[in-house]
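Colleague: Got a minute to go through this model with me? I'd like to start with the charged pairs and then jump around a bit.

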Amino acid sequence: MGIFPMGEEDGSIAWFEASPRAIMPISSPEADINVSRSLKQVIKKNIFEIRIDTAFEQVLNFCAERESTWINDMIKSAYTDLYENGYAHSVEAWHNGELAGGLYGVAYRGAFFGESMFRKVNNASKVCVVELYRILQQNKYILFDIQMMTSHFEQFGAVEISKRKYLDLLERAMEKKCGFEY
């Protein structure tokens, strides 16, 4: 339906719709992620060890540690349930044995719905975005939904699309079954 949950201060969940909708183009042959030269160097140096789904709850909790957050206890519980049932995933950057950054989201059929990210070390979350993009392309996902544009994702090549275009893309994604293999 194109709506997504956000936790409210009173502990409840409200549903939102972003129009225009921000996505990372992933399904067309010419789609690619923009990776800056400096980030390519960071990746090449293997500063971070990338892990998948090894610290989901830690990633979720670090994402919630902000002055203003939409990740309340009800959201944490819902996404933890999704993780335990194989739908939610975390991509984690580890540095010197510590969780340095990460992101999480939900993979369903041919779509990945990015939810939130954090960093404790510069470039840690960006390296996770690059790895997630690689995983989604490798598994032939159709939609990488980021909901709302951020300067962070704009650098990677995110675009805003109309509600109609988004719903068409979402429908195509729901017709396809993709695994989250890495």
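Modeller: Sure, we can take salt bridges, then the cavity, the surface and some backbone details.

Modeller: Keep in mind that this is a predicted model, where local features need pLDDT of at least 70, side-chain atom pairs count only at pLDDT 80 or more, and totals for chains, interfaces and linings use all residues. Residues are numbered from 1 along each chain as its sequence is written, and side-chain values use heavy atoms, with hydrogens and water left out.

Colleague: OK, how many salt bridges does a search of the whole structure find?

Modeller: Four. A salt bridge here is a side-chain nitrogen of Lys or Arg within 4 Å of a carboxyl oxygen of Asp or Glu.

Colleague: What does K163 pair with?

Modeller: K163 pairs with E17, and their closest N and O atoms are 3.0 Å apart. K163 sits in helix α6 and E17 in the loop between β2 and β3, so this pair ties together parts that are 146 residues apart in sequence. Helices (H or I, at least four residues) and strands (E, at least two) are DSSP runs, numbered from the N terminus.

Colleague: Are those two buried or exposed?

Modeller: In between: K163 is partly exposed at 37% relative accessible area, and E17 is partly exposed at 41%. The cut-offs are under 20% for buried, over 50% for exposed and partly exposed in between, with a 1.4 Å probe and protein chains only.

Colleague: And which residue forms a salt bridge with R21?

Modeller: D145 does, with the closest N and O atoms 2.8 Å apart. D145 is in strand β8 (residues 143–147) and R21 in strand β3, so the pair ties together parts that are 124 residues apart in sequence. D145 is buried at 0% relative accessible area, and R21 is buried at 2%.

Colleague: New topic: how many cavities of 30 Å³ or more are there?

Modeller: One. A cavity is a set of points on a 1 Å grid over the protein atoms alone where a 1.4 Å probe fits but cannot get out, and lining residues have an atom within 4 Å of a point. Points are joined across faces, edges and corners, and the volume is the space filled by probe spheres set on them.

Colleague: What's the volume of the largest cavity, and what lines it?

Modeller: The volume is about 40 Å³. M1, G2, E17, A18, R21, K163, Y166 and L167 line the largest cavity, and helix α6 (residues 163–174) gives the most, with three residues.

Colleague: Which residues form the nonpolar patch on the surface?

Modeller: M1, I3 and W15, with about 410 Å² of accessible area together. Such a patch joins nonpolar side chains (Val, Leu, Ile, Met, Phe, Trp, Tyr) within 5 Å, from residues with over 30% relative accessible area and no salt bridge. The areas come from the Shrake-Rupley method with a 1.4 Å probe. W15, in strand β2 (residues 13–16), is exposed at 55%.

Colleague: Last one, the backbone. Where is the cis peptide bond?

Modeller: The cis bond joins S19 and P20, with omega about 5°. P20 is in the loop between β2 and β3 (21–24).

Colleague: And what is phi for N46 and D53?

Modeller: N46 has a positive phi of about 55° although it is not a glycine, and D53 has a positive phi near 60°. N46 is exposed at 61% relative accessibility, while D53 is buried at 18%.

Note on methods. Patches are made of residues with over 30% relative accessible area and no salt bridge: like charges are joined within 9 Å, nonpolar side chains (Val, Leu, Ile, Met, Phe, Trp, Tyr) within 5 Å. On a 1 Å grid over the protein atoms alone, a cavity is a set of points where a 1.4 Å probe fits but cannot get out, and a pocket is an open set with protein on both sides within 12 Å along at least five of seven lines; lining residues have an atom within 4 Å of a point.
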